[in-house]
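Student: Pick one part of this model and take me through it closely. Then connect it to the rest of the chain, step by step.

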Amino acid sequence: MTVIGYARVSTTDQNLEVQESALHAAGCDLIRSEKRSGTTTAGREELRTVLDFLRNGDVLMVTRIDRLARSIGDLQDIVRTVRSRGASLKATEQPIDTSTAAGKCFLDMLGVFAEFETNLRKERQLEGIADAKARGVYKGRKASIDPAKVKAMKADGMGPSAIAKALKIGRASVYRALED
């Protein structure tokens, strides 16, 4: 039996050390970490590596369930993968152990709350943006394309595909810049 730890934070300025220390203290034989959003499993290569590595009798250990997934669908997919490999899931800070009925129940409840928290945060962000727009203080992100440069390149005889390639942007962006 191998105990494999998985640690995740969302942004590059967040620190993994607290999670990694807790996983070491919990007896993990191996720990994989990454700095990726938990709202999707796409692009989470370390998680994929851990799930591929699990064998019968192994334990996947996390500090909290929201480190594993922020969506109930993704969490259920991960748990199904863990179970299909004959392994179990445990958390150091929550009473989760998928080898027990109570642990499975608590896991599902926490997964729902993790997704709920993500949805609330998204709603608050959208409300804040709408308020800032109403007050005229929200300008959106700065333009990454200089329309004058695109128009100058077009005037020099370059086609949209060549402009897009030269500026490393999409052709649709070139067309939008030329419309302004």
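## A loop glycine and its surroundings

Tutor: Start with Gly 43. Set aside the neighbours within four places in sequence, and Gly 43 is in contact with Glu 34 and Arg 36. Keep in mind that this is a predicted model. The glycine sits in the loop between strand E2 (30–35) and helix H2. Is Gly 43 buried or exposed? Neither: a relative accessibility of 34% falls between the 20% and 50% cut-offs, so Gly 43 counts as partly exposed. Now try a pair that involves the same glycine. Gly 43 and Ala 26 are 17 residues apart in sequence, and their C-alpha atoms are 27 Å apart in space.

Follow the chain onward from that loop. It leads into H2, which spans 45–53. H2 is one of the elements that give two or more residues to the largest nonpolar core. That core has 22 residues. Which residues have the most contacts inside it? They are Leu 60, Ile 65, Leu 68, Leu 75 and Leu 89. Besides H2, the elements that give two or more residues are strand E1 (3–9), strand E3 (59–62), helix H3 (72–84), strand E4 (88–91) and helix H4 (101–135). H3 gives the largest share, five residues. In soluble globular proteins, nonpolar side chains tend to be buried together.

Leu 60 gives a concrete view of that core. Beyond its neighbours within four places in sequence, Leu 60 is in contact with Ile 4, Tyr 6, Val 50, Leu 51, Leu 54, Leu 68, Val 82, Ser 88, Leu 89 and Lys 90. There is also a second, separate core, with nine residues. Among them are Val 3, Ala 7, Cys 28 and Met 61.

Cys 28 raises the matter of disulfides. How many does a search of the whole structure find? Zero. Cys 28 has a relative accessibility of 10%, below the 20% cut-off, so it counts as buried. Cys 105 has a relative accessible area of 45%, so it is partly exposed.

Next, the pairing of H3 with H4. Their axes come within 8 Å and cross at roughly 150°. That is over 145 degrees, so H3 and H4 are roughly antiparallel to each other. On the H3 side the contact uses Ile 72, Gly 73, Leu 75, Val 79 and Arg 83. On the H4 side it uses Lys 104, Leu 107, Asp 108, Gly 111, Val 112 and Glu 115. By type, the residues of this contact divide into five nonpolar, two polar and four charged. Leu 75 is listed in this contact, and it is also listed among the residues with the most contacts inside the largest core.

Look at Lys 104, which is placed in H4. Its relative accessible area is 34%, so Lys 104 is partly exposed. Apart from neighbours within four places in sequence, Lys 104 is in contact with Arg 83, Asp 97 and Thr 98. Lys 104 and Arg 8 are 96 residues apart in sequence and 22 Å apart in space, C-alpha to C-alpha.

Thr 118 is also placed in H4. At 10% relative accessibility it falls under the 20% cut-off, so Thr 118 counts as buried. With neighbours within four places left out, Thr 118 is in contact with Thr 39 and Arg 70.

Finish with another helix pair, H6 and H7. H6 covers residues 160–167 and H7 covers residues 171–179. They pack at an angle of about 110°, with axes 8 Å apart. That angle lies in the 65 to 115 range, so H6 and H7 are roughly perpendicular to each other. Pro 160, Ser 161, Ile 163 and Ala 164 of H6 make the contact with Arg 171, Val 174 and Tyr 175 of H7. These residues divide into five nonpolar, one polar and one charged.

Lys 168 sits in the loop between H6 and H7. Its phi is near 60°, a positive value in a residue other than glycine. Lys 168 has a relative accessible area of 76%, over the 50% cut-off, so it is exposed. Arg 176 lies in H7. At 49% relative accessible area, Arg 176 is partly exposed. Its C-alpha atom is separated by 9.9 Å from that of Val 150, 26 residues apart along the chain.

Definitions and conventions
Residues numbered from 1 in each chain as written. Predicted model: local features only at pLDDT ≥ 70, side-chain atom pairs only at ≥ 80, totals over all residues. Heavy atoms only, no water. Core = buried A, V, L, I, M, F, W, Y, C linked by side-chain atoms within 4.5 Å. Buried < 20%, exposed > 50% of the residue type's maximum accessible area, 1.4 Å probe, protein only. Helix = DSSP H or I, 4+ residues; strand = E, 2+ residues; numbered from the N terminus. Contact = heavy atoms within 4.5 Å. Axes fitted to C-alpha atoms, helices over the stretch in contact; angles between N-to-C directions. Parallel < 35°, antiparallel > 145°, perpendicular 65-115°, else oblique. Nonpolar A, V, L, I, M, F, W, Y, C, P; charged D, E, K, R; others polar. Disulfide = S-S within 2.5 Å.
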